[in-house]
Amino acid sequence: MSFSTKSIMPLTLENISYLAGHKKLLKNISCQFEAGNRYVILGPNGAGKSLLLRMCHGLIQPSEGQVRWHDTSRKDAAKYQAMVSQRTVMLRRSAYGNIDFALKARNIHKSARPDIIDRVIKRTGLGRVINEPARVLSLGEQQRLAIARAWALSPQVLFLDEPTASLDPPATHAIEELIQEISAEGTTVIMTSHDLGQSKRLATDAIFMFRGHLKEMAPAEQFFTQPTNDLAQAFINGELIWWQRRPDSDQAQATCTTLETEK
Amino acid sequence: MKQIHILKVTLVAWALIMTSTLSLAAADKDTIILASTTSTQNSGLFDHILPKFEEASGTKVNVVAVGTGAALKLARNGDADVLMVHHKKSEEQFVTDGYGVERFDLMHNDFVIIGPESDEANLSQMKSVTDALKAIVLSNKIFVSRGDDSGTHKREIELWQLANIAEDQKNTKWYREAGAGMGATLNVAIGMNAYTLTDRATWVSFKNKQSHKILFEGDPNLFNQYGIILVNPEKFPHIKAQAGQKFIDWMLSKQGQKAIASYKLEGQQLFTPDAISGDLSN
Amino acid sequence: MNDIWEALLKAVSLVLTLDTDLLEIVGLSLQLSLTAVGISLLIGLPLAALLALTKFPGRKILIVATNVFMGLPPVVVGLIVYVILSRSGPLGVLGLLFTPTAMVIAQVILVIPIVTAISRQVLEDYHQEYDELLTSLGVSKMRRISALLWDARFALTTAGLAGFGRAASEVGAVMIVGGNIDHLTRVMTTAIALESRKGDLVMALALGIVLITLALGINLAAYLITETAKRRYAA
């Protein structure tokens, strides 16, 4: 494996905005992600969680502001990241072929690949279906394969977008265990979720978003017990917060943001 | 992995097919292109005589059969080595313009007018071809013209002039241009229950006659002369003059003329060789 | 009706007796059409990938052009190729007129737009699905194209098949540039045209039945391939 000892963390967002047409979907977000943590981005639908994740990973470019990796260009940093998206995309190949393709894309030599694949296959429990076409696997298996595919790349940062959104409890449990394991190897995890329970189980740090704003970013323990933002408070209490307040009149502070410079 | 193997085999096979096809292109030194008419091809004459020549000479003759007008045009572009068509005036013009070396009479047959058995225009009673054509106009029956600038078409136009039927009298009510070869035009005429002018050879060999038959024949104006010309190598250096001349010489020789005379269909001789005067029998 | 019945019997007997002329004509038809499709794929697939995956000035015009060229009248293509390959034309020195190569050239011109237009649509759909994954993995452009072509290989057989159909069933262009020369450039379609001109409708129909049967067989094979692919890869 071609490990580099150099760390691309921390990841810093500097006053990020994202425009789609005339609509501002991410608004002046600034924050920093430290190495080794498990960040869970929370918030109702349309808050901009996935957008933020995809922007960190480099799939979309900010309209304003900057995404900075430690001492590394965005392009170089991309080689140390991996992502598992909400709706897994499986290549029309075997499970093995899917992982092999990802390794090839990262220029891992042919001779090194079988061992890597073997290891992640074992750890994700996919040994039985390794030669099956990926697209005929069950949803749970596909999601595990997507994680195996990402894991094989030994990323410094793993992005997961609602990794258990369409899974039943046993499958969800399996995925959460894998995330814990990957994190235990030192990989920074940044994921989105709208499942409060899952967030409590997985997060070392929580981020709360609402209508394109980053409302609060805090260590998990603090966030889930005494959030400073009243919207976050409402969200944690399971209230239907999007009916309560217009974002324009919202004055709540997030811990590391510069807020409300709406145009 | 097995699938990849199959794919590779398929691709290799495909590559082989492609290379072999493209190598078919190589123009053979002993091959000439003969631009000729649909009437001679459709009658089956070439299938009868060309194997004899190819056996005797080792030269292969590739026949491209189009109308006389199109054949002349092909030859003027240098796309044929030898020309064998049936419109003397155009052929002589072709030679005069420097595209052909020399024109030789090769063989003849005759044109006939065919039509439905019922013959409502009464063609079979007519004394001359001009009377026959006038009868068609008067009867308001449909006449189908080749309309393709072929030798037969050129002759047909001349016959209408001879009969004093002006161009503007030919309206689509009764005069229909097929714009097609002889065989295709016969199919049209039969489909429309109409009259048309055809060379005898094509008609005799034609297999879809249905209730049509020859209704007028025998007028000297229906004489149909075929000529053969070598395309001028001074005009087009790529013309295979030697092989082309060999073919023309053979066609004009006793052997070739006999071969033409021996082509019979349903007991009828379809072409009369006329390059050599006198008896061919010895 | 009588003719059709007679033609059917004739077709069967031609096939059963392995009529040498028929075999030669069918063989040449297949050979030329497969060659034309092969060359068209070699040119059309990369072009389709380019159109599907990249943005460049003139891309939209090219897409519209391929769609328009799908309906090119074969006779016009034949004429254009004739004018170019004629001894008096710009490529006359090659001496390709009235050869199988000339026919392949005409067929390639007819097939490329079909192969390109269908492949572009397929590749665009696949790319839309794969784009984020491939970007996330940092897949280079060239590898992206080869991965898409590989994954879409079964869907792309449709493009090749449509192209083959066009090449094998076309008569206008190959008649003009091939000349319908016996034992050299006579293929199924030109033979059918010739037989119908000779008024031998039964023979023409019999050849037509053989051609249709061939087309059916090839389409059936392709259908089975894509169905198997669908089952195996959920493609």
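Which residue in E8(B) does Ile114(B) stand opposite? Select Ile114(B) and look across to E8(B), where the residue standing opposite is Ile214(B). Keep in mind throughout this tour that the model is predicted.

**Strand E4 of chain B and its partners**

Stay with E4(B), and colour its partner strands one by one. E4(B) and strand E8 (residues 212-216) of chain B pair in the antiparallel sense, with four bridges between them. Next select strand E7 (residues 195-199) of chain B, which is antiparallel to E4(B) and joined to it by four bridges; here the pair to display is Ile113(B) with Leu197(B) opposite.

Now select strand E9 (residues 223-231) of chain B, which is joined by eight bridges to E4(B), itself spanning residues 100-116, again in the antiparallel sense. Within this pairing, Gly100(B) stands opposite Val231(B). The last partner to pick is strand E12 (residues 272-273) of chain B, which runs antiparallel to E4(B) and is joined to it by two bridges, with Pro273(B) as the bridge partner of Met107(B).

**Helix H6 of chain B**

Move to helix H6 (residues 129-139) of chain B and show the side chains of Val129(B), Ala132(B), Leu133(B), Ala135(B) and Ile136(B), which are the buried residues of this helix. Looking down the axis, you should find them on the same side of H6(B), because they cover an arc of only 155° around it. This fits a general rule: an α-helix has 3.6 residues a turn, so residues three or four places apart point the same way.

To see what covers these buried residues of H6(B), add E4, strand E5 (143-145), helix H7 (151-162), E7 and E8 of chain B, which are included in the cover. Then step just past the end of H6(B) to Asn140(B), which takes a positive phi of about 65°.

**The two domains of chain B**

Colour chain B by its domain assignment, which gives domain 1 as 24-109 + 225-273 and domain 2 as 111-222. The C-alpha centres of domain 1 and domain 2 of chain B lie 27 Å apart, and the contact between them takes 20 residues from domain 1 and 15 residues from domain 2. On the domain 1 side, the elements to select are H2 and helix H4 (68-76) of chain B, each of which gives two or more residues, and H2(B) provides the largest share, four residues. If you colour that side of domain 1 by residue class, it divides into five nonpolar, 14 polar and one charged.

**The largest nonpolar core**

Next, select Val82(B), Leu83(B) and Val177(C), which touch the most other members among the 226 residues of the largest nonpolar core. Helix H5 (residues 100-137) of chain C supplies the largest share of this core, 20 residues. The core lies between domain 1 and domain 2 of chain B, because both of them give residues to it.

Centre the view on Val82(B) and, setting aside residues up to four places away in sequence, show what it touches: Ile32(B), Leu34(B), Ile228(B), Leu230(B), Val231(B), Gly244(B), Phe247(B) and Ile248(B). Val231(B) is also the residue that Gly100(B) stands opposite in E9(B).

**Where chains B and C meet**

Of the two pairs of chains in contact, chains B and C share the most contacts. Their contact takes 28 residues from chain B and 27 residues from chain C. On the chain B side, select helix H1 (2-23), helix H2 (38-43), strand E2 (60-66) and helix H8 (182-191), each of which supplies at least two residues; H1(B) gives the most, with five residues. By class, this side of chain B has 14 nonpolar, twelve polar and two charged residues.

Hide chain B to view chain C by itself, and you will find ten helices and zero strands. Buried residues make up 48% of the 235 residues in chain C.

**A last stop in chain A**

No contact joins chain A and chain B, and their closest C-alpha atoms lie 11 Å apart. In chain A, select Gly48(A), which lies in the loop between strand E3 (38-42) and helix H1 (49-57) of chain A. Gly48(A) counts as buried because it has 23 C-beta neighbours inside 10 Å. Leaving aside its neighbours within four places in sequence, Gly48(A) is in contact with Leu25(A), Leu26(A), Met209(A) and Gly212(A). Finally, add His213(A), which is 165 residues from Gly48(A) in sequence and 7.9 Å from it in space, C-alpha to C-alpha.

How values were computed
Residues are numbered from 1 along each chain as its sequence is written. Chains are lettered from A and ligands numbered from 1 in the order in which they are written. This is a predicted model: local features need pLDDT of at least 70, side-chain atom pairs count only at pLDDT 80 or more; totals for chains, interfaces and linings use all residues. Two residues are in contact if their C-beta atoms, placed from the backbone, lie within 7 Å. Ala, Val, Leu, Ile, Met, Phe, Trp, Tyr, Cys and Pro count as nonpolar, Asp, Glu, Lys and Arg as charged, and the others, Gly among them, as polar. A residue is buried if 20 or more other C-beta atoms lie within 10 Å of its own, exposed if 12 or fewer, and partly exposed in between; C-beta atoms are placed from the backbone. A nonpolar core is a set of buried Ala, Val, Leu, Ile, Met, Phe, Trp, Tyr and Cys residues joined through C-beta atoms within 7 Å. Domain bounds come from an automatic or database domain assignment. Two strands pair if DSSP finds at least two bridges between them. The arc is that of the directions from the helix axis to the C-beta atoms.
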